[in-house]
Structure formats: structure tokens, C-alpha cells
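Open the model in your viewer and keep the selection panel at hand. We will go stop by stop.

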Amino acid sequence: MIPSIRVITSLLILGLFIQIPVHAQEKVTLSGYVRDKDTGEELIGASVLIKELSTGNITNVYGFYSVSIPAGSYTVQYSYVGYLPVVQNMDLTTDKQLNIELAAVQEELEEVVVMGEKEDANISSVEMSANKLEMKTIQKMPPLLGEVDLIRSIQLLPGVTTVGEGASGFNVRGGGVGENLVLLDEAPVYNSSHMFGFFSVFNPDAVKDMKLLKGGIPAQFGGRTSSILDVRMKEGNSKQFTGSGGVGLIFSRLTLEAPIVKDKGSFIISGRRSYADILAKPFLNEDLENSIFYFYDLTVKANYRFGQKDRLFLSGYFGKDKFDADDIFKSNWGNKTGTLRWNHLFNDQLFFNLSLFYSDYDYNLNFGKQEDSFEWASRIVNYNVKPEFIFYPNTKNEITFGGQLTFYDFKPGEATGTSAGDEIDISLDNKYAMEGAVYAGNEQTLSDRLTLQYGLRYSFFNYLGKGTSYEYDQNGEKGEQKEVIGSKEWGKGEVIETYHNLEPRLALKYELNPSSSLKASYNRMVQYIHLVSNTTASTPLDVWTPSTNNIKPMKVDQVALGYFKNFKDNVYETSVEVYYKDFHDVVEYIDGADLLLNEYLEGELLAGVGRAYGVELYAKKNKGKLNGWVSYTLSRSERKVEGVNKDKWFPNRFDQTHNLSVVAFYELNKRWSVSGNFSMISGTPTTFPTNRLEYQGYIIPHNYNDTRNNYRIPLYHRLDLSATLHGKKKEGRKWESFWVFSLYNVYNQKNPFSIAFRQQTDRIAAGNNIPTEAVKLSVFGSIIPSVSYNFKF
Amino acid sequence: MKHINPIYKVLCLLWAVVGLTACEDVIDVDLDKGEPQLVVDAWVTNQPGAQTIRLTWSAPYFDSAPAKGVEDAEVSIKDSEGNVYTFENQNNGDYTWAPANPDEPLGKIGNKYTLTIRQGGETFQATSSLNDVPAIDSIAIEYKEKSLEGPEGHYAQFYARDLEGLGDCYWIKAYKNGVFLNKPSEINLAYDAGFNKGSKVDNLVFLEPIREGINPFPDEQEEDDEVPPYAIGDSIYVEIFSLTEETFDFMVFIREQMQNGGFFATPPANSPTNIVNLDDKSTVQALGFFNTSAVSSLGTKVTDKE
């Protein structure tokens, strides 16, 4: 089932060699960029088809394409869903650079498009286990509190789940929240949430494109085991000054775009700020009156083309959540990312991108006044360099190769406590690490029907000084805290521990006929840094830790098979995928683990194995007044850890047997459209007690069988609806506007987030009976209506 | 999360502000029932006079009746000086040792103790050291305006300094008008002057949240902003019990398990025990914990001069 690394390596080398003689024939290369006519934005995944040869290519993430074909005269079609195709006849005797601009289909004519690219991309591309949601689609989905959200939207796709509303992050195919590589213009985002998990850090107005890879992950991606969420920001309108924005119940947004030099460079600046605190004020107790609670984020990006061959991009994200309660408590947390990219064309067939990026997630807490206070700051910072080449030798091959180097600086806790005027530093040492990778991959078309994508990634990780490494007693009781039995000091830059791994990747597509295909993939992913969190929902205070001499890197092998079939000329798109994942060295926690500000954190961690498997059904209607999709996932995600659950397999916290989502859009007329989504999800596993112990007058819950996750919380189901009213468009005016009215949790379902057991919270006089109860927590105890006003100019 | 109690509380509060409509409901759940197990509630101090150890049976979780006493056990404690103290069966689950001289204590700081229980053909043992405890210097009462911390009224703090050296553990118990503040949320534990082992806050005055941990929490039905912790005329009595590190871990664990829930709940798990069946092949396991404590205490009355 799992191909050996040697086979993959041979394939890769073979692939490169086979092509060289072919390249020697008399060939010409047609290359260039495909852009939007109105905004100048490059289109990602637009198709370039040489009709006579029934071959072509699609544009890469920078909108670049390159097709090498024998000299001759051809009809070339450029197309992108939602845009009018452009067909050109050309005599190709020499290499030609041609940039094409496609015009978006006018709103009135548009048959609403759910997802883009080539119409049959799901059949013809080798990519599987991938989901793309257009921002246009996301913006039509029912919003929560007036705001649509990227991460909330992807949770309606097959294989993507969350432990509950408002929980940070998302789970993909049985993996943890920290196993997703969330990229914003290539820079990793360590906490993708605002206000816990109600909103994500991505401002929908500034996002150009997003893609989620759940399996069959190509060699250029690595570092996390479960998925890649690749979010690309808009470049900014290079034709004219435009803006867009919205006013909602929770926050307002404004985005401005303009050319720096027309058709050569542009910028975009996009900001949001919430005013939850201002709105909530009337509802808050007097004592919370002076509290400040808001978040903001700012996304900026600029790009400039230096001639035909070079282009620079500079982008950044700054976001912060802030909560102050009088002078008693102050806190904030947020991400900062910065990316500098240089696109360079060595020649028509060799595209190069160099990315330098920086990412920082930090939080600060501050309690009390001077005499008695507690200050705590934690952060993870990293610096990256990532060169990447894409080589287009001919229409049969597309070779990607490059590398990545990351330097990490972990600050798990810088803390000082002051008690009655005495100050004490309780900081933990910083931890340092370096992660690197080199990779190469090829997408090779073997025949009209068969396409292979294969690659290999070699990754390594060094856990570095300066710092102290600890040795723990491995012979103690399994599942319990390990005692420190030794320690060693390391100097700056000294390598404390090193790991390296080969990560083979393989995917293939076999087209049964023009409307159906079979796909298969295998990937090994290795993760060297770990999100340490054992709470139901991950918190903003969760700390990332590197692999150390005691914490091994996590490895996941995944195989997936899929059948894809389209009906009625791609109006309906369906797929069935099955996957199996094998997890090694998953981080688990001892019972009652103490994870924050703990120098001996490693002694609280356990390593286990895991497995996840499932089947994902997906059906989508792409066109027509009524469109949308239905997604159903049947899955299981389990772990086995020595010392937990009597060493037997148990379902993990985010295991959901059934997960059904229905998303529908309906265009009533030119001005009104409605949308709805419905979710029904099996309850997540949890541990319920069987017995109670009386101890010192307290009632302690006890599970006689000592099993983990022996029950499930009840079924979750929810319906959301929204209606959009488009303002009347006046001839000759740029201003467009629309209102969105929405109802979240329409039938007022009190869905359980968790069920807890406790003794009654009121004071019980000594000697009286102490009643015990089960308590259900619902995140939304009611229907949530909202309205927002949005505009474009 | 659990040790950094105030952070956790603030996070939950913050989250409550965000999830404006979140709600909790008491629901009916069908639970499996396990076999009754021996529960040892053994807490011996250096205070003069009689000492009682309580042995009960565990019961189905929703059974609110008082736990049934174990009536056929033999209980004794041996100290590191070789003295043996036999506990008499009171036939209601209580087993009591009473000294000949009522001022004579059982526990002595620095000694080690071994508890032996024979019941149903099994022999269980547990050991504990009796550690020192700091004196309480004072109890301060402050009149506070209404704030995030609570309503306007009198608030108390006790002042004491953690003993020198890392690894001292304490349970601070408070009594309002002679009534022990017995809610799980009022369990006030300290590791040195702070909350947990990792933080190494040695030999300081106990951190403020610990000092303030002697104020009662209002009941659910009471309007939070109406019942101040203390009023003029109330008496306050504070005791510090020294704990072994194992007992500290146990207490932190049960405090969390008894209140575990909500958004940032940790996985429910069974509490540890230091009660060991001497026959390691036996499947019969006892629950509970044996601890020996030194105790310091101080009381005061709330008067109107504050």
C-alpha cells in the first residue's frame, strides 16, 4: 500500500530524464499571465487550451502559464469559470509571451457559479482531496452576526469539522487543530481565530483565493500532518481606484485598492475593527462597564512589476484581540505576518519565486496592580526563506522544486509575579529550533487519461540551544507524570536533538471518460512543532513547542482513493473519496496535565498512535438559479496511548461519526437572493462518570471502568438562512450596495457543546445530602438575527 | 490551565461576554453504574485530640444520599518512630483514635506515617509525611467598591509567607461564622506561594488570588452583585494545612474534576490515589487519599473600623 521511498525517487529521476530528449525537438513556448480585465488581478487556475492538440495548462498561484508545443498554428482558448473565454488564433514559430485579460461575466447574465477554475477541473486534474471555495460563494453564505467567515465556511465541506461553535480552528480528517498549516500569502498563521473561534483572521474582502488540501498533498508543502489551508491575498486593483466595505453588528470593514503605476503595480489595504464592547455595553453589569473588548486586523499588500520578468510583492497582516477589564485584568493576543516575494522568469519555461516571510503569534496577560500583580507573555516567532522553481519542459510535465528554511524562536512564558511588593521572575527559557526541507515533484501526463504527480520531500529539524535539556525517567507508571532524572546545559546554537525524514508524495488520475475519473494518492507528512492543548476548545493561551529530545516529531501516512463523476455537462459534480490515515507519535497528555508555565512540560506529555478513516460523499450543482452542495462524511478518528484507556483504542475528542451539510443558494430575481445551510453532526465523544466518591465533604466523579470517551454528547443540528437585497444599480455610477439579512440557528436549537458533571453549586450545609447533576453547555442558546450593509465603489 | 486559576476564570468570563447567548441547562443523563469501591478519606493532623478516618463505599453518580459507611474494617497508623495508633470502629464509617490525654496530638512535624486498612480479606496501605506549615501573620479586611471582582462590601485577605525551599504545598481553609466554605470552587491550594510546581514562587507572601481565596463565592440563585463576602459582625477563621506534594496534586485534580466543564474543559479522568493494595495480584482497588498535615490558624471579626 505504501510505496517505498526508493520507488518514488526512481520515478522522480526517471520523469526528469525521459523528458530531456523530447525537449530537444523544435518547440516553441507560449507563456504569460492571465488576468482579470477590470481589476488586473492574476487569475489562479485559469485554463489555457491548445485546441488542436487537446492539451494545455493552468495558471499557477501567480497567474503564470507556460505551454511548450511543436511550432505551428493553433487556436488557443483562455478560460476561467465566471469569465468570458478568449479564443485566439496564432502562428507560433518562435517563443511568444502573451498576457491575456478575461472579462468577468456581467452580474445580470451570470448563472451563479459556486466554484471556479475549469468547469471539469474536478475530473481532469490530478488533484484530489482538495476543496476550493470562491470568495464569491463564501460571501453568499448565511453570516453569523452579519459576518461571513472563511473558516466557518470550510467547515461545511466534506472531511472538515470543528469541536463546536466558537471553537478555534478546524479539524481535517481526524487530525487536531494544530495539525493544519494555515498560510496567509505563504506565512504560517499560528492562531487563525478572532474572538476565540467565532471569526477567523481572514478578512473576506482582502482574500483572492483559498484552497484546502486534505490529502494527496504535493511535495512543496510540509510541516503539518493533516492539511494545508493556502490563503492568497488580493494584489490590489492595478487599473483604477476601487473600494469595498461593510457595516455589520459586530464589526465594520473597509478595503481600498489602487494602482501604484497603472498596469505595473498596485496596492490593497484592508481593515476591520469590531465594536462588540460598545454594543454589549448596555447588557453588561456595571462592573464590566469599563471593560474594553475588541479586535482589529489590517491587511496590506503592494506589488510592482519590473519589466516582463520580475515582480515584487510585499504583504503583511497585523491583528489583535484585546480585552481589558478595568485595571484588574489586561490581555491581548494576535498574529503578525510579513511576506516579501520576488517572481522571476529565468526564461519562458522556468518560473522562480523567492519568498522571505516572518510570522509571530503572541499574547500578553496582566493581572492586578503594582503591589500584587502577575504579568505573562508568550510568543512564537519564525523567520523563513523559501525558494521555488516551476519548470515547464513541455505539455506533459510540470516540475516543481525548491526548499525551505525556518528558524523558530519559542517563548513559552515570560512571567513575573509580584506579591505584596516582592517581585519574582518565573519565566521559562526560550526554545530555539531550525526546520528545513528540500523537495522536488513532477506532474506528468502519461496519456490522455493517465496523469501522475509524484514528489519527494526531505525534511530535517534541529532543536537548538541555548537552553536546558531534561532527561526523564521512562520506567515510571505509564500514563503518569515522568520524573526528571537529569539535565544538561547547552550553549547558543548547539544542536540538542536532530531529526530528519523523507516524505514521499504520490497522486494519480485515470480518466475513465470525459465525465468521470478515478484518483488515488499517498502522502507522508511530518510535523516538527506541536500545539500543546488538552482543553475541549483550544484557547488563545495554548503554547507551541518544538520537537525536543523528549518529544518526537509526529508522522502521518495517508492513502486516499476517489471517484469523480460529472453530469449534464458539468452542471452537477459528484465525488466519493475514502481515506485511511496512520498517525505516529501523536502528542497526548497525562490526566490532569499542567501545560502552562511548566518547566517540566515534557514530563506531562505522552506519545501515542492514531488512526483515522472515512468516506466522503459530495454532490454539487454548479449552475442555475438554484445551486449549492450536499456533503456527507462518515468517519472515525481514534488514538491509542500507553497508560490511557487501559492501553486500548479510544475515539478522540473530535471524532464525529456522521457529518452532513447542505448548502443552497437561490436567486429569486435580479435584486433578491436567498441562501441557507443546514448541518447535522454526530455528538463528539466525552467521558461520563459512573460513580461518586465522598471525600472531605466533596463529591468526586469516578468512572468505574476507567475508560476514555465512553459516551457521546447528543446530535448537533442547525439551520441558518439569509437573504441578500442588491441595491438598484444606477447607470454610470460605480457605487453598488447590498443588504444582508440573516438568521443563525433558525429554529432555536440549543445544541450541546459539552456535558459536564458536578455537585450542585449552591452551598450545602454539612451533613445534608449533596446532589449531583449533569449540565449541558450550549454556545448559542437562541436564534441570532443580524443585518449588514455592504458596498463597493 | 487549572493551576492558573484566575486566568482560567477570566478566560471563561471573557468567553461569556463573546458568546453573549451561551447557556447552561441541567439535563437528565442515563449513566452506567459501577461496583461500589472502598473510599478512604484519611486526613490526620498535628492538632491535639482525637483523629478520625472515614471509610465509605462509592455509589452511583446520581445517588444523592450520604455515602454508606464501611463497617468491617481494621484501621491503624504507624509513625516513623515506631508508634502504632489503632483507630476504633464507630460503626458508621468513622474510625477514631482518641489519646489518653486529650491534649496529645497524633501527628508530629517531620515524621512519616503509614496507614494500614484491612477490609474484606484485602490489606491496603498508604504513606504520608507530615510537613511544616507557616504561621498566619494577619487577616486584613478591606471595604471595596463594586468591581469586576464582586459587589461593594467587605473583603478579606490573609497574610502569610511561604516557607523557604521549593516544594511546600498547602490547603487554605476558611470559615465564615464557623461554617466551612465548602464549595469545590472555594478549594484554595498553594504550591509554595503560587499555584503550581513549574512556577517556582518560593518564600513570598502568598500571591493575591490565594490570599483572597478566603472570601465565599455567592450561590447561583443569589444576585452576584448583591451579596458581599463579609459584613460587619461576621467572624472569619483561616487554617493552613500542609500537604504532601502527592496530596496537592490530588486536590488540584479533584478541584478541577468537580468543576470541569464549559468551553475549556480538560478531559475528565479518574482521581489518583495513594491507597495501595498490598496484594498486587488482587483486582480490588481502593480510592481516596491519605494525607498528614500540620495546621496553623488565625481568626478575626469584621468590625466597622475597616
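Select chain A. Take contacts between residues at least 6 apart in sequence: 65% join residues at least 24 apart. Two residues are in contact if their C-beta atoms, placed from the backbone, lie within 7 Å.

A word on the model: it is predicted, so local features need pLDDT of at least 70 and side-chain atom pairs pLDDT 80 or more, while totals for chains, interfaces and linings use all residues. Residues count from 1 along each chain as its sequence is written, and chains are lettered from A, with ligands numbered from 1, in the order in which they are written.

Now show chain A as a cartoon. Five helices and 51 strands appear. These are DSSP runs numbered from the N terminus: helices are H or I with at least four residues, strands E with at least two.

Zoom out. The C-alpha atoms of chain A fill a box of roughly 95 × 60 × 50 Å along the principal axes. Of the 793 residues, 52% are buried, meaning that 20 or more other C-beta atoms lie within 10 Å of a residue's own.

Next, add chain B. Here 87 residues of chain A are in contact with 85 of chain B. Elements giving two or more residues to chain A's side include strand 22 (310-325), strand 26 (397-419) and strand 50 (772-778).

Last stop: select strand 50 of chain A and residues 23-27 of chain B, which are strand 1 there. The two pair antiparallel over five bridges; pairing takes at least two DSSP bridges. Pick Lys776(A): its bridge partner in that strand is Asp25(B).

Terms used:
A residue is buried if 20 or more other C-beta atoms lie within 10 Å of its own, exposed if 12 or fewer, and partly exposed in between; C-beta atoms are placed from the backbone.
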